[in-house]
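Subject: Structure handover

Hello,

Here is the structure I said I would pass on. Please open it beside this email; my notes follow below it.

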Amino acid sequence: MNDNKVSTPPALPVRASAPALPLRISDLRGLSRLGVEGVLGLTDVVEAMHHTIASRAGIVGPAPAGRTRGITGAVYGAVRGTTRLVGHAADALFGALPHGGEADHRSPRREATIAALNGVWGDHLAETANPLALPMRLRSEGRALALNAASLAALPRPPHGRRLLVLVHGLCMNDLQWQRKGHDHGCWLARELGYTPLYLHYNTGRHVSQNGRDLAALLERLVAGWPVPVDELVLLGHSMGGLIARSACHAATQSDQAWLSSLKALVFLGTPHHGAALERGGRLVDALFGFSPYAAPIGRVGTSRSAGITDLRFGNLQDADWQGRERRDQRHDDRQPTPLPTGVPAYALAGTLARTLPERAPRLRDRLIGDGLVSPASALGDHDDPALALALPAAHRRVLTDCSHWDLLDRPEAAAQLCDWLR
């Protein structure tokens, strides 16, 4: 691994952003729906605990079946009925209000809030057609791009570069958050190497395989609609974004899509190729809550986390990794092998909070701690099963010490390493 000192790239100018604005009417409508669903969910939890106590169930064992009855059951039914009635009225009110002009209202705070909601409950938002659900699109400076030659040529600064860089953000994040402490890897690589950076904006709560398939279709449209022939396409993924990029390559291979012939490199920053310990710990917590009928209702809150989050348990990339079972029931790493695309170089940059490289660390904790979310082994694609291991060459992998998961977005060494790899 390269430990040589590198020069510090100058801080990039912070993008001008619109002042914080009130939430859009569509946001209020979506939040209203979530609020109603939250009250209904909480009512179910309280009633389940009430029913368990009334049934005098044992401390350990399955929860009693059914719901409360009589006057008690009628009270809970009335709470649900009233909540739904209020929810329908609020939804109709927000739906009747004018929505014009909202498309131009952009606030970094709003974008971050909506992105976080999508990360935690994005699959539910999409399944219920909630206005808060984010559609997948490519953006530049926070504005969505129409992927056809006429629309691209009509932009204030029409793109003409033949080297495209698509940046894919991680869980609960959005495309504006590639900029951190005045630095943006996309802008840096545009200035240093002449890439045209485009930023994916998507719902991170959906399954990785679903987002991967949609990204593959989007890239097919991008390459076909670009104003000039694309000589090079590079995918740069941070955290979950790297899994989305790999899943897109798999989907493109399966359907023989043309954009793969333009793909020149895959770059991963802190990507949990083999999962994240935090999500595996979440599954254990779910199991502990399930031991007692008194704790089980509370455990429902934790199990409501999105499909995108549960895919991070082992790093699921394909539909086959989760279909045919309840996704929270995946107890072992039984993923289908998903090799990297043939002939495309891949690079992995990992971080560790320790001050010593993992293989030199004297303590086990320092070898496993990783960047706070992802271990070095997972980020580098190492695995005991050769079918699952990425087997990246030594020159294509590096670990940065004293570096958190988010520091990978702005560390000078990270920027310099990206330039070395992609030059």
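Start at Tyr347. Leaving aside residues up to four places away in sequence, Tyr347 touches Ala265, Leu266, Val267, Phe268, Leu392, His396 and Trp421. Tyr347 belongs to strand β9, which covers residues 346-351. Is Tyr347 buried or exposed? Tyr347 is buried, at a relative accessible area of 10%; the cut-off for buried is under 20%. One of its partners deserves a look: Val267 is 80 residues away along the chain, yet the two C-alpha atoms are separated by 4.8 Å.

Keep in mind that this is a predicted model.

Now the overall picture. The protein chain has 13 helices and ten strands. It has 423 residues, and 49% of them count as buried. Take the contacts between residues at least 6 apart in sequence: 79% of these join residues at least 24 apart.

Next, helix α6. This helix runs over residues 208-225, 18 residues in total. From first C-alpha to last it reaches 25 Å, close to the 26 Å expected at 1.5 Å a residue. Its buried residues are Val208, Ser209, Asn211, Gly212, Leu215, Ala216, Leu218, Leu219, Leu222 and Gly225.

α6 packs against helix α7, residues 240-254. The angle is about 60 degrees and the axes are 7 Å apart. Angles from 35 up to 65 degrees fall in the oblique range, so α6 and α7 are oblique to each other. Their crossing is right-handed. On the α6 side, the contact residues are Val208, Ser209, Asn211, Gly212, Arg213, Leu215 and Ala216. On the α7 side, they are Met240, Leu243, Ile244, Ala245, Ser247, Ala248, Ala251 and Ala252. By class, that contact has ten nonpolar, four polar and one charged residues.

A second helix pair is α5 (residues 185-193) with α13 (residues 412-422). These helices pack at about 45 degrees, with axes 10 Å apart. α5 and α13 are therefore oblique to each other, and their crossing is right-handed. His185, Trp188, Leu189, Glu192 and Leu193 come from α5. They meet Ala414, Ala415, Ala416, Leu418, Cys419 and Leu422 in α13. The class count for this contact is nine nonpolar, one polar and one charged residues.

Then Glu37, in helix α1 (residues 25-55). Glu37 is partly exposed, with a relative accessible area of 30%. It touches His124 and Thr128, again not counting residues up to four places away in sequence. Glu37 and Arg84 are 47 residues apart in sequence, and their C-alpha atoms are 8.7 Å apart in space.

Last, two backbone points. Most residues other than glycine have a negative phi. Which phi does Asp256 have? Asp256 has a positive phi of about 55 degrees, although it is not a glycine. Asp256 is found in the loop between α7 and β8 (263-269). It is exposed, with a relative accessible area of 69%. Asp402 also has a positive phi, of about 50 degrees, and is not a glycine. Asp402 is in the loop between β10 (397-400) and α13. Asp402 is partly exposed, with a relative accessible area of 46%.

Best wishes

Conventions: Residues numbered from 1 in each chain as written. Predicted model: local features only at pLDDT ≥ 70, side-chain atom pairs only at ≥ 80, totals over all residues. Heavy atoms only, no water. Helix = DSSP H or I, 4+ residues; strand = E, 2+ residues; numbered from the N terminus. Expected span 1.5 Å × (residues − 1). Buried < 20%, exposed > 50% of the residue type's maximum accessible area, 1.4 Å probe, protein only. Axes fitted to C-alpha atoms, helices over the stretch in contact; angles between N-to-C directions. Parallel < 35°, antiparallel > 145°, perpendicular 65-115°, else oblique. Left-handed = near helix turned anticlockwise from the far one by under 90°. Contact = heavy atoms within 4.5 Å. Nonpolar A, V, L, I, M, F, W, Y, C, P; charged D, E, K, R; others polar.
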